[in-house]
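Subject: Structure handover and notes

Dear colleague,

I am passing on the structure we spoke about, together with notes on what was found in it. Please have the sequence and the model open side by side while you read.

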Amino acid sequence: MAPCPNFRKCGGCQLQNLPYSEQLLHKQRQLVSLLGEFCHVNDIIGMDDPTHYRNKVCAAFGLDRQRHIISGIYQTGSHSIIPVDECMIEDKIADGIIVDIRNMLRSFKIQAFDERTGTGWLRHVLVRRGFQSGQVMVVLVAVSPIFKLQKPFLKKLTELHPEITTVVLNINDRFGPVVLGSREKVLLGDGYIEDSLLGLCFRISPRSFYQINPVQTEKLYSIAIEMAGLTGKELVLDAYCGIGTIGLTAADHAKQIVGVELNRDAVQDAIGNAKHNGVKNARFFAADATRWISEAAAAGERADVIFMDPPREGSTPQFLDSVARMAPKRVVYVSCNPETLARDLALLTKKGYRVESSTPVDMFPHSEHIEVVCALSRRHKA
């Protein structure tokens, strides 16, 4: 029996009704089925405490039928909000901040956004907390930049939660599934938080991609860097690099790091992270990974090692073809979707690469999602 009363409505923790040991076995069997034809699948790396691991929490705000303000998560396949005060996989401090914001709205005459009528102001609250630093970012997602009673609201909020180091107002006046809009202004602090990972300090802004499970992220990236077999002489391409976490943590072991990422905000963070950590052998480019690597391969550029960490839909045939043309000795593929990983591995093996090993890391306990990292080596010139 699942411990959460919202288990069947929410849909976020699909495996919560299974003991954690059985969840890991379920995921291991799934990976062996998908990846076993390519290589041996190492035992999945689980968590000692698979609860409250999400360092990023986003709550939707709205009204119930009695016009009371509610906050929580959308029911699977709908825009109906399930009221949630505390979630077993979310950071406890973040959950507490969201509840207090909801309770404050009435006294400050702030109305939650009503999708049915298009009225109201506050749509979402996003909270990010640094696991090592303890710094907390609160992002208020609203339909308008006009924030009445802003100063007393922030004063009250920071009195309740002095751990909050920055507050950002994000403007999203469009209807749709995207939480954050393109406009924002900093109301308090610097507009970002910092956290440490594998000895480096990373700057995290509201729209930056940063792994949500810090404990497992260190394990995942340590495995990825070990798989790369770096000696200090390699030119390394970090594709889909986000804010530069993998590339920068590998920089001490390589001659040069080149990171490519489509999200310009993340690239700016990556450049700032390199400077902040004194990493001088890393460059970052804001570009579509497929287009960038295709042009680089066509120009005859080479890489000794390629890290790739694509989104859930995986990479593209054009990207993988360009990987083969660049002819790296090793490819380290970090995937959050084993099905698209298997598809991409099939293409890479046809282009002269051999999958040496794969190691799954349970980044998202209680859910169906699995993160896995694979090491590939070049059999012959592609």
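To begin with a single side chain, that of S144 reaches the backbone nitrogen of I146 at 3.1 Å. Please keep in mind throughout that this is a predicted model, and that every value below was computed from it. S144 is found in the loop between β5 and α4, and, if residues up to four places away in sequence are not counted, S144 touches W121, L169 and I171.

**The strands around β6**

Two of those contacts lead to strand β6, which covers residues 164-171. Of its 8 residues, 7 are buried, so β6 is largely enclosed by the rest of the structure. On one hand, β6 pairs with strand β5 (residues 136-142) in the parallel sense, over 7 bridges, and within this pairing L140 has L169 as its bridge partner in β6. The chain goes from β5 to β6 by way of helix α4 (residues 150-160), and the β-α-β crossover made in this way is right-handed. On the other hand, β6 also pairs with strand β7 (residues 183-188), this time in the antiparallel sense and over 5 bridges, with L169 standing opposite K185 in β7. L169 is therefore a useful residue to select when you look at this region, as a bridge partner of L140, a residue opposite K185 and a contact of S144.

**β1 and its partners**

How much of strand β1 is buried? The count is 6 of its 8 residues, so β1, too, is largely enclosed by the rest of the structure. β1 pairs with strand β4 (residues 122-129) in the antiparallel sense over 5 bridges, and in that pairing K56 stands opposite R128 in β4. β1 is also joined to β2 by 4 bridges, and these two strands run antiparallel; here L63 has I69 as its bridge partner in β2.

The hairpin of β1 and β2 has 5 residues between the strands. R67 lies in this loop between β1 and β2, and its phi is near 70°, a positive value in a residue other than glycine. With a relative accessible area of 43%, R67 is partly exposed.

A second residue of this kind is A327, which has a positive phi of about 55° although it is not a glycine. A327 is placed in the loop between α9 (317-326) and β14 (330-335).

**Cavities and a pocket**

The structure holds 2 cavities of 30 Å³ or more, and the largest cavity contains about 80 Å³ of space. Its lining is made up of V57, C58, A59, S71, G72, I73, V84, D85, E90, D95, I98 and V99. Which elements supply at least two residues each to this lining? They are β1 (56-63), β2 (69-74) and α3 (92-105).

The second largest pocket has a volume of about 380 Å³. It is lined by 16 residues, of which L63, H79, S80, I81 and R116 are the closest to its centre. Two or more residues of the lining come from each of β1, β2 and β3 (81-83), and the largest share, 3 residues, is that of β1. The strands β1 and β2 thus appear in the lining of the largest cavity as well as in that of the second largest pocket, and L63, listed among the residues closest to the centre of the pocket, is the residue whose bridge partner in β2 is I69.

**A buried alanine in β10**

Finally, a residue further along the chain: is A239 buried or exposed? A239, which has its place in strand β10 (residues 235-239), has a relative accessible area of 2%; buried means under 20%, so A239 counts as buried. Leaving aside its neighbours within four places in sequence, A239 is in contact with V260, F307, M308, D309 and F319. As for H276, which lies 37 residues from A239 along the chain, the C-alpha atoms of the two are separated by 21 Å.

With best wishes

Conventions
Residues are numbered from 1 along each chain as its sequence is written. Side-chain values use heavy atoms; hydrogens and water are left out. Buried means under 20% relative accessible area, exposed over 50%, partly exposed in between (1.4 Å probe, protein chains only). Two strands pair if DSSP finds at least two bridges between them. A crossover is right-handed if, with the strands pointing away from the viewer, the path from the first strand over the helix to the second runs clockwise. A polar contact is a pair of N or O atoms within 3.5 Å; within protein, one must be able to donate a hydrogen and the other to accept it, and residues adjacent in sequence count only if both atoms are side-chain atoms. Contact means heavy atoms within 4.5 Å. On a 1 Å grid over the protein atoms alone, a cavity is a set of points where a 1.4 Å probe fits but cannot get out, and a pocket is an open set with protein on both sides within 12 Å along at least five of seven lines; lining residues have an atom within 4 Å of a point. Grid points are joined across faces, edges and corners, and a volume is the space filled by probe spheres set on the points.
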